[in-house]
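Here is a set of questions and answers on one model. Each answer sets a value against its cut-off.

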Amino acid sequence: LLHEDEVVRDQAVWALGNIAGDSAVFRDEVLAAGTLPALISHLLRPHLVSDKSLENATWVLLNLVRSSPSPDFEQVRVALPRIRQLLHCGNLKVLKDACWASAVRVALPRIRQLLHCGNLKVLKDACWASAALSENESEHAVDEVVHSGVLARCVELLTHEDQTVMTPALRTVGNACTFDDKVTQEVVDCGAIPILGNLTSFKDPAVRKNVCWTLSNITAGNHEQVQAVFDAGVIPQLIALLENDDVEVAKEAVWAISNVTSSGSNQQVVALAVMYQSIYVLCDALKRMVRDLVILSVSLEGLENTVRVFASPGSATLVELGSFVKQVNDSCLVEVVQLLQESPLEQVAEIATRILSGVAEVSVVVDDAVATAL
């Protein structure tokens, strides 16, 4: 890599890049051989490096820091200063690979700047670099995504007119919501929920699926985050996708609805049932897609959680209890769930039994509420 002849250097670059790109095991072997410091030294001699050589060397750098599992950060930390420089490069190919290289917790401040770039190709690759970084299971990596401003910018890019930019930005936001309530709150505070609500009508089902997945991660959060979804008026869109979209989108939508019943407060669960007719919605999902195990199980769990809340004395007013009873009767919930008691799937049969028991308990609560009102 440090040979004075450019042809020799390029051949060495190609050889090392091909080996590192073959697998994570080979990548680690190349790293262990001390390739990265030598490569960086090569890249630090711009007077000896042509545009094509720079492109090749940046490609090798990318291969050295990517693949799953991610390399040890300490092994690639040395690349940080040079990647930051490469992210200022006017060569589009170099920019692209430098952005991808940034997917292992490097050069985040510059990625944030690239996420404002007017060059669509650069912007797209910067978004994908952010998405790759957000998939890292390290808490430190996600913290860097948040505190660098990359996450906030990706939320803004959810409104970008080009899908090749919006898609990786959406992935970044969704990945961030899989960590903990603190990171999810950062997403909420950036104003993501209303934007996600608008994207539920996006033409591409893959985008709608990822939107629902992201929202399901938010509704799996704390009460305040669940309330933010209510306040943004997104619940009706989720219900519409569950009722009318294809199965893959519906699976994510039912998770988003069901998570409200498990993560939300009793008041929020009651509101979901009364304001948005969740008993009808989830029971209808059972009837329409009973052969889809994910939708079946998640719908049943949502119904069980809802029934449990209504069976808790004091959780609902008499009017709200009346809405619950009407939905149960009109949707033929009891009859549907009774059939599921015979399911060969033990988990399904057990949940069905608990739902029926809960419905009976709600009847007692209703009787007590009526007696108290009289």
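The questions below deal with a helix pair and with cysteines.

This is a predicted model, where local features need pLDDT of at least 70, side-chain atom pairs count only at pLDDT 80 or more, and totals for chains, interfaces and linings use all residues. Residues are numbered from 1 along each chain as its sequence is written, and side-chain values use heavy atoms, with hydrogens and water left out.

Q: Why is H17 called roughly parallel to H20?
A: Helix H17 (residues 235–244) packs on helix H20 (residues 278–288) at about 20°, with the axes 10 Å apart. Angles under 35 degrees count as roughly parallel, over 145 as roughly antiparallel, 65 to 115 as roughly perpendicular and the rest as oblique. So H17 is roughly parallel to H20.

Q: Which residues of H17 and H20 meet?
A: Ile239, Leu242 and Glu243 in H17 meet Val281, Ala285 and Arg288 in H20. Contact means heavy atoms within 4.5 Å.

Q: What makes Cys283 and Cys332 unbonded?
A: A disulfide is a pair of cysteine sulfur atoms within 2.5 Å. The closest cysteine sulfur to that of Cys283 is in Cys332, 7.4 Å away, and therefore too far for a bond. The structure holds 0 disulfides. Cys177 is in none either, with the nearest cysteine sulfur, that of Cys190, 10.0 Å away.

Q: Why is Cys177 called buried?
A: Buried means under 20% relative accessible area, exposed over 50%, partly exposed in between (1.4 Å probe, protein chains only). Cys177 has 4%, so Cys177 is buried.

Q: How do you know that Cys283 is buried?
A: Its relative accessible area is 0%, so Cys283 counts as buried.

Methods
Axes fitted to C-alpha atoms, helices over the stretch in contact; angles between N-to-C directions. Helix = DSSP H or I, 4+ residues; strand = E, 2+ residues; numbered from the N terminus.
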